[in-house]
Amino acid sequence: MTRAALSVALLLLTLAPMPVLAQEGGEVEISGTVEHGGDASSFDPTQARVTMNVLEGVTLVSQQTALPDAAGAFSFTAAATEGREFFFSVEYQGASYSAFRDAGRLADPVVVTVFDATHDTAVLTVQSHTVIVTGAVPDEGFVEILERAIVRNDSGLTLTPDLNAQGPAMLSFMRFALPPGAYNLDVRSNIVGGQVLTVDRGFALNSPIPPTASGQPHQFEFVYRLDYDKPTLDLSRTMRFGAESVRFVVPVDVATPSSSRLTDLGATDFDGRLLRLLEGQDIAPAEVLDLSVSGLPKRSAFDVARESAGEWYVRYTVPAAVGATVAFLLLSLLRRKRMTVVGATREQLLAEARALREAYDRRDISTAVYQGRSRDIREALVQVEVQQRLTASDD
């Protein structure tokens, strides 16, 4: 569109009649219905409570509450001001269900589906559970671990925690076990709301877990750290809900994984990074899953020599960042051109690095040459370390 045409279009928009309600913020009636997603024969909609929150950006403009009638119908009256957003939540049997409308869609009936509640965690099925050792920092003596769980609820009932239950077990909560000593825990989920609560040997979530929508299971991701002062570390835990499948992934340049319950599928190259994968099926509820790693890196004479090679040397065991991109960063860390010097030893590469730095400081080489050659040496050093670890594991 030319600038002239755009100007004409904008002029026509300013002259075109706008809906009175949207322009002047007039009152409009918003209607909706609370429906039951399961056996509706015993459903009493009057036991539900509907709340409408009206927001402009992050500012709460108004809040109204209504009780549905015997047919589940409810209504609100609000100003249909352009730019406002309308959030509807229905509280039923201890769980919250929601719907959303913007100001332009208030004429569309709001339908919110609710389900009966249960405190029985047997309605949950862990479809898959993955444990990834993302890295280790030997100078500070800790490893960082990422775990992902895909959970289904095929029951037609919403799991709601029993907040009146006594004792620390929290048997009606969604719970995950952690190895002893875990800290810096960060939990993420596609379930809205709720809190993370500390329980014996792990954590629990007090979020209701509704039935799984078609093709959209619930996802949980959490990352934490563990300190270590020995080359081995026990990551065993009780699988409270079991799992249809379990995967244990460890980069070979970080440690060697082992488990009597999982099958070692060997090391595979993924975008230049060697990862060892262990996998198992049909883990029973409450089964103790033994997981461990050995050969964790420790500070040595090599670490001291590495530091003397210059600040550019990258720690190949730096933990990944928290979040869904952790695994992808881990798997693609070494996707670069390979070192052209074949068969060089670690000492030779470190000596070359020091000589390269001295040449750069004297301005004998350009920045581009220095950076390119430094990258090649970094990758060659990592490959030497990986090869030594593989050789040691084969022995």
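**Salt bridges, sheet and cores in a predicted model**

Me: Which residue's side chain meets that of E244 in a salt bridge?
Reply: In this predicted model, the side chain of E244 takes part in a salt bridge with a distance of 3.3 Å, N to O. That falls within the 4 Å cut-off for such a pair. The partner is R152.

Me: How many residues apart are E244 and R152?
Reply: E244 sits in strand β19, residues 243–251. R152 sits in strand β10, residues 142–153. The pair therefore links distant parts of the chain, and the separation is 92 residues.

Me: Which residues are linked with E244 in a network of salt bridges?
Reply: E244 is partly exposed, at 34% relative accessible area. The network it belongs to is made of salt bridges. Its other members are R152 and D154.

Me: How many salt bridges does a search of the whole structure find?
Reply: One of them joins R105 and D102, at 3.9 Å, N to O. Another joins R188 and D186, at 3.5 Å. The search of the whole structure finds eleven.

Me: Is R105 buried, partly exposed or exposed?
Reply: Buried needs under 20% relative accessible area, and exposed needs over 50%. R105 has 32%. Its salt-bridge partner is D102, which at 31% is partly exposed. R105 also counts as partly exposed.

Me: What is the relative accessible area of R188?
Reply: R188 meets D186 in a salt bridge. D186 is partly exposed at 28%. R188 is partly exposed too, with a value of 43%.

Me: What is the strand order of the open sheet of seven strands?
Reply: The pairing in this sheet is mixed. The twist from one strand to the next averages 15 degrees. The order is β13-β16-β10-β9-β19-β22-β21.

Me: Which strands stand at the edges of the sheet?
Reply: An edge strand here has a single partner strand, so one side of it is left without a neighbour in the sheet. Two strands fit: residues 183–189 and residues 263–270. They are β13 and β21.

Me: Which residue in β16 stands opposite Y183?
Reply: Strand β16 covers residues 218–227. It runs antiparallel to β13, and five bridges join the two. Opposite Y183 stands R225.

Me: Which element gives the largest share of the largest nonpolar core?
Reply: This core has 40 residues. Elements that give two or more residues to it include β10, β12, β15 and β16. The largest share is five residues, and it comes from β9.

Me: Which residues have the most contacts inside the largest nonpolar core?
Reply: L235 is one of them. Not counting residues up to four places away in sequence, L235 touches several others, including V133, I145, P179 and L226. It also touches F248 and V293. The residues with the most contacts are L235, F248, V293 and L296.

Me: How many residues does the other core have?
Reply: This core lies apart from the core of 40 residues. Among its members are A66, A78, A103 and V114. Its count is 26 residues.

Me: What share of the contacts with a separation of 6 or more comes from residues 24 or more positions apart?
Reply: The protein has six helices and 24 strands. Of its 395 residues, 43% are buried. Residues 24 or more positions apart account for 72% of those contacts.

Notes
Residues are numbered from 1 along each chain as its sequence is written. This is a predicted model: local features need pLDDT of at least 70, side-chain atom pairs count only at pLDDT 80 or more; totals for chains, interfaces and linings use all residues. Side-chain values use heavy atoms; hydrogens and water are left out. Two strands pair if DSSP finds at least two bridges between them. Helices (H or I, at least four residues) and strands (E, at least two) are DSSP runs, numbered from the N terminus. Axes are lines fitted to C-alpha atoms, for helices over the stretch in contact, and angles run from 0 to 180 degrees between N-to-C directions. Buried means under 20% relative accessible area, exposed over 50%, partly exposed in between (1.4 Å probe, protein chains only). A nonpolar core is a set of buried Ala, Val, Leu, Ile, Met, Phe, Trp, Tyr and Cys residues joined through side-chain atoms within 4.5 Å. Contact means heavy atoms within 4.5 Å.
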